Amino acid sequence: MTMTMRPPERLLFEGADWDFSTLQRIHDACEEIALGELGLDVYPNQIEVITSEQMLDAYSSTGMPLFYRHWSFGKHFAHHETFYRRGMRDLAYEIVINSSPCISYLMEENTATMQTLVTAHAAFGHNHFFKNNYLFKLWTDAEGILDYLDFAKGYITRCEERYGEAVVERTLDAAHALMSHGVHRYAGKTTIDLRQEEKRQQERRAHEEQIFNDLWRTVPVGKARKAGDSGLEKRRAALGLPQDNILYFLEKSAPRLQPWQREILRIVRHVAQYFHPQRQTKVMNEGTATFVHYQIMNRLHERGQISDGNFLEFLKSHANVVFQPSYDDRRFSGFNPYALGFAMMQDIERIVTTPTEEDRAWFPDIAGRGDAMAVLRDIWANYRDESFISQFLSPNLIRQLRLFHLYDDPEQTEGVLVSAIHNERGYLRIRRQLSREYDIGWTDPAIDIVDVDLAGDRRLLLQHIVMNGCYLQEADMKLVLQHLADLWGYDVLLQEIDDSNIVAREHTASPRKIIQ
Amino acid sequence: MHIVDRRLNPRGKSLENRQRFLRRMKGAVQQAVKRSLQNRNIRDVLDGGEISLPIDGMAEPNLRRGDGGIRDHILPGNRAFVEGDILPRPPGGKGGKPKDAGEGDGEDGFRFVLTREEFLDVFLDDLELPDLAKRRLAETEEETPFRAGYSVSGSPSNIAVGRTTRLAMMRRVALHRPRREEIEALQRQIEECEDDESRLALEAKLKSLTEKSRRIPYIDPLDVRYRRFENEPKPVAKAVMFCLMDVSGSMSEHMKDLAKRFYLLLYLFLSKRYKKVEIVFIRHTDKAEEVDEETFFYGPATGGTLVSSALAAMRAIIAARFDPAEWNIYGAQASDGDNAHSDGNLSGQLLREILPLCQYFAYIEVGEEGGDSSVSRSPLWMLYDGIRSELQPLSMRKVCRRNEIFPVFHDLFQKRDAQSKVTP
């Protein structure tokens, strides 16, 4: 309680107005608490003040400050703008970019209190998470991303000039359709260095062309020779099959693509890979940022740097952000990652500082450890949503949120079974199930490229392993398959393999020759 | 820490993206409009309506799981349930409630309702009257006068009476010009007056009033205003479209329906595109009559068939009202191809006279539903086919089904290159 002994400091600002020196004071005050008291470790900060239109712009190009041009970003702009203009949706308060320096956007319309909140949330909360979480360390290159995007933008513009907008657009359309299947899910490569990408592009291209051509130069003659098992294995090994990174496979092996088209696939793949950790850490990332801004704002208020009125304004925004409607509420649309993440962070803090007997039994490692921030920093660095929830969702929080588990089996005609609720028998099952819902490996359909008919018609064979009878959404899948066939240049066959290992559904597509 | 003020950066960073999106959307809307017409009634076309964009125009598909299969949901806010409860599924819905967040978020944001005008704009976008710039008319400019307020000078024929009397009245009221009733009342008082002294006073008053009314005229040149006109030069292409429709007894209801649909499209197209195109409606049985639009499309009629009557009427109207040296003349004729045998020569002769006057003449032959729309052996078809080989510009098509109307129409009036001749 030594803090309260200090003389109250001067208010950072009064009322709602701010100017650039206010922003500087706000940042410095937040930094003092974030680094000094919370022990955070962040990339250098860059704060950019933008207008609401620029915020819409940034939204529409997946939050990146510079991006190649494509109509779909225009579509998203129109979409967001419609909602925004009709007043149906607020703009996000902030966008923050995983780069070094870490760029946080502040909207000019925000009040001084909101700017403080956003600075604490983005410039320190998200920033710390980006810099320290193992997934981001492994898969993203914060130093290189802006340069790489600049290269990508320039490269695609040059392609448009040389080969025409239409064909570049179609290539991008096709690549975007496969974007969710354009990431390496398992580590094992060397660390990402996007800065080297541009330099290596030329020589890599030349080299791969050589290797690649050998594979395809053999034109089938006469009847296909009967390939034995050893032939099949050899072929699959040569092509690197099975492969779940469809974009990667096409980039390396699609026989008909131009070199520049391969580079475009590579760009889209790099972007997908860059965002992959964000998909896996939504709850943790927002939970961390929300927890950090809550700590910082409270400390600022305690230290007398924010007036009571402004603090109330903050509490109102904060309550909106972490609001979680019940399943039967009209506003319910799934879990709010801010709410769940923040609740879990607070719960962990409670377990570490004032544990109950139950907490000691469930969390022997952290219960009563005393230093909440140290425990949290460790968690932030070493988990993703799935493992985080499966480790740290406590019975206390399950009761508090009154979670329950519905088991919906179409075979069961009577209705939906309530298979677990927030009681002793249910805690583990609810925790396991909820963590599974955040496991991308579980929620994304598992699709592998398994074979290419090299001796025959070069048909590409993909398999979808169907789990629990969930087949692919058909309308979309057909469109994606068409894009895939266009890129591959030959027929494509997708088999859906059900639980009993039988091909239950088959879909085919033939190329339209609009990309070549 | 850096603070950067980006607000003054060039605006509209995503402008290019938005333009690309709009271009793509426009193409998609056009496709959708065209397609919607295959299944639609002309009446609906007039009302505009909802257009769903084709899915591959705007879609950004990805691979994801569809509905069905075994599902698990973790939900917050349980109040009443205990383990083992079975909740009935909501009626009608497949799969269990509540639905997953983020599912089913499709293209619904991109459904459009087009107004009639927008629909027609898109619908008729690539159609054009062939060879509109005829002969010397391309460069001709005509001065069209348009109203440009009032002026204090001008020719007597342009006096703005209302404005002038209004100004006069304002002036009379302002200057207290004595009214006629006032003077008449005074005169009556003088006549009735017996007292000399007061009569003198009244007469003096009368004198001053009459003098005043002479000094302040009823209408002053100052009051007069003239309507002012200014001339605006306008390039004009005078064009007239003759619509010839066979309404004889041999035309079945289906054929009449087809013909009317064709003309409705033509009428829409012309009235939408060319403010200056005159349209002459001629319908004929064994005699022809020029009718108004309403009668042409909706008036009932039946009788024998003499195609020559319509062609003769067209020739007469051209001679009377549309000098071929000044007018672009178009003809569109719809018929079932039936004609009295004796009328063949006369019709042929008339058509040979008319065609050289025309920029373009389209003949559509309507057939019974299920008929063969590729060939025709009707007397009129054979006759016109013969003439086509010797004389341009005549186009012929045969239509049997409703959904062929638009494609044929589109075909007949599609934009052509300036140079290319009209070929059937």
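**Entry 1: a salt bridge to start from**

I began at one pair, where the side chains of D173(A) and R24(B) meet in a salt bridge, 3.2 Å from N to O. I used the term for a side-chain nitrogen of Lys or Arg within 4 Å of a carboxyl oxygen of Asp or Glu. I then looked up the whole interface of chain B and chain A, and the rule finds 13 salt bridges across it.

A note to self on the ground rules: this is a predicted model, in which local features need pLDDT of at least 70 and side-chain atom pairs count only at pLDDT 80 or more, while totals for chains, interfaces and linings use all residues. Residues are numbered from 1 along each chain as its sequence is written, chains are lettered from A in the order in which they are written, and side-chain values use heavy atoms, with hydrogens and water left out.

**Entry 2: the rest of the interface**

I looked up polar contacts next (pairs of N or O atoms within 3.5 Å, one able to donate a hydrogen and the other to accept it; residues adjacent in sequence count only if both atoms are side-chain atoms). Between chain B and chain A, 36 residue pairs are in polar contact, both residues at pLDDT 80 or more. Helix α1(B) gives the most to the side of chain B that touches chain A, with 7 residues.

How many residues does each chain bring to the contact? I found 89 residues from chain A and 60 from chain B, with contact meaning heavy atoms within 4.5 Å.

The two chains bury about 7100 Å² between them, 54% of it on carbon and sulfur atoms. That area is the accessible area (1.4 Å probe) lost on putting the two parts together, summed over both. In chain B, L63(B), R65(B) and I74(B) lose the most area to chain A, together 13% of what that side buries.

**Entry 3: inside chain A**

I turned to chain A, where 56% of the 516 residues count as buried, that is, under 20% relative accessible area (1.4 Å probe, protein chains only).

Then I looked for nonpolar cores (buried Ala, Val, Leu, Ile, Met, Phe, Trp, Tyr and Cys residues joined through side-chain atoms within 4.5 Å). Which members of the largest one touch the most others? They are I296(A), W380(A) and F388(A), in a core of 73 residues.

I followed I296(A) further: leaving aside neighbours within four places in sequence, I296(A) is in contact with C30(A), I33(A), A34(A), L38(A), A120(A) and F124(A). I also noted a second, separate core of 63 residues, which includes M55(A), L178(A), L257(A) and M477(A).

Terms used
Buried means under 20% relative accessible area, exposed over 50%, partly exposed in between (1.4 Å probe, protein chains only). Helices (H or I, at least four residues) and strands (E, at least two) are DSSP runs, numbered from the N terminus.
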